[in-house]
Amino acid sequence: MPNEQLNQRSQQTESQKGKLSLAITVGALVGGILVLARNDNARTRLKETSATTKNSVSQYVSDVKADPSGAKNDLVDRIQKTASITKEALNKIQEILDTQGKDIAEKAQEVKDESQDIVSTAKDAGEELKEVGDKVKEAKDELTDSAEDEAAATTSPSTTSKDDDDDINDPTVAKGPVN
């Protein structure tokens, strides 16, 4: 019984696929007919193309009927020529890829090496600039420290009063101009 159910399901699936294919084909035909009905140029082109195709096929069929082995040989020759032309084109493409690929790889390596040199130079310059910055900071700190020391030395009250007191008691120091 399970085999019968499987067979029925597979037949239903195939039937549904057949119906879907038929529906798609009918829809395409109806769409094509509507396009042709609306467009005069499309109808004319279709007629001309159909006539040309019909003539070509008729001529080919009559040639084959007249000389089947000749038509076969002609077809085989054309296929062989097409294959050899395709092979030549592929070989040329391979040659181009080989030569150009090598050139591209070399150029890419050069760019990579130059980029690494640039990065290295930039790092060296950055380190040197950092050293210069450290020296500038050190000089600034030195100037700031010495300016603070000078400011402290000139504005300190104890130093001023001590110097003044020493000058008063020191007999060698004259308060006025010496003649």
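## A walk along four helices

Reading from the N terminus, the elements of this protein follow the order α-α-α-α. What you have open is a predicted model, so please keep that in mind at each stop, because local features here need pLDDT of at least 70.

**Stop 1: the whole chain.** Colour by secondary structure to begin. The protein has four helices and zero strands. Now switch on the surface: the protein exposes about 16100 Å², and carbon and sulfur atoms supply 57% of that area. How many of the residues count as buried? Of the 179 residues, just 2% do.

**Stop 2: a nonpolar patch.** Select Leu 22, Val 26, Val 30 and Leu 34. Together these side chains make a nonpolar surface patch of about 360 Å². Zoom in on Val 26, which sits in helix α1, the element covering residues 2-38. Is Val 26 buried or exposed? The answer falls in between: Val 26 counts as partly exposed because its relative accessibility is 43%.

**Stop 3: the salt bridge.** Move on to helix α3, which spans residues 68-155, and select Asp 74 and Arg 78. Their side chains meet in a salt bridge, with 3.9 Å from N to O. A search of the whole structure finds one salt bridge. Both partners lie in helix α3, four residues apart, or about one turn of the helix. Show the surface around the pair: Asp 74 is partly exposed, at 40% relative accessible area, and Arg 78 is also partly exposed, at 48%.

**Stop 4: a negative patch.** Which residues form the negative surface patch? Select Asp 124, Glu 127, Glu 128, Glu 131, Asp 134, Glu 138, Asp 141, Glu 142, Asp 145, Glu 148, Asp 149 and Glu 150, and you have the set. Centre the view on Glu 142, which belongs to helix α3. Glu 142 counts as exposed because its relative accessible area is 53%, and the cut-off for exposed is over 50%.

**Last look.** Zoom back out and keep three selections on screen: the nonpolar patch that includes Val 26, the salt bridge of Asp 74 and Arg 78, and the negative patch that includes Glu 142.

Note on methods: Residues numbered from 1 in each chain as written. Predicted model: local features only at pLDDT ≥ 70, side-chain atom pairs only at ≥ 80, totals over all residues. Heavy atoms only, no water. Patch = residues over 30% accessible without salt bridge, like charges linked within 9 Å, V, L, I, M, F, W, Y side chains within 5 Å. Areas by Shrake-Rupley, 256 points an atom, 1.4 Å probe, with all protein chains shown as cover. Salt bridge = Lys/Arg side-chain N within 4 Å of Asp/Glu carboxyl O. Helix = DSSP H or I, 4+ residues; strand = E, 2+ residues; numbered from the N terminus. Buried < 20%, exposed > 50% of the residue type's maximum accessible area, 1.4 Å probe, protein only. Lys, Arg positive; Asp, Glu negative; His and termini not counted. Charge placed at Lys NZ, Arg CZ, Asp CG, Glu CD.
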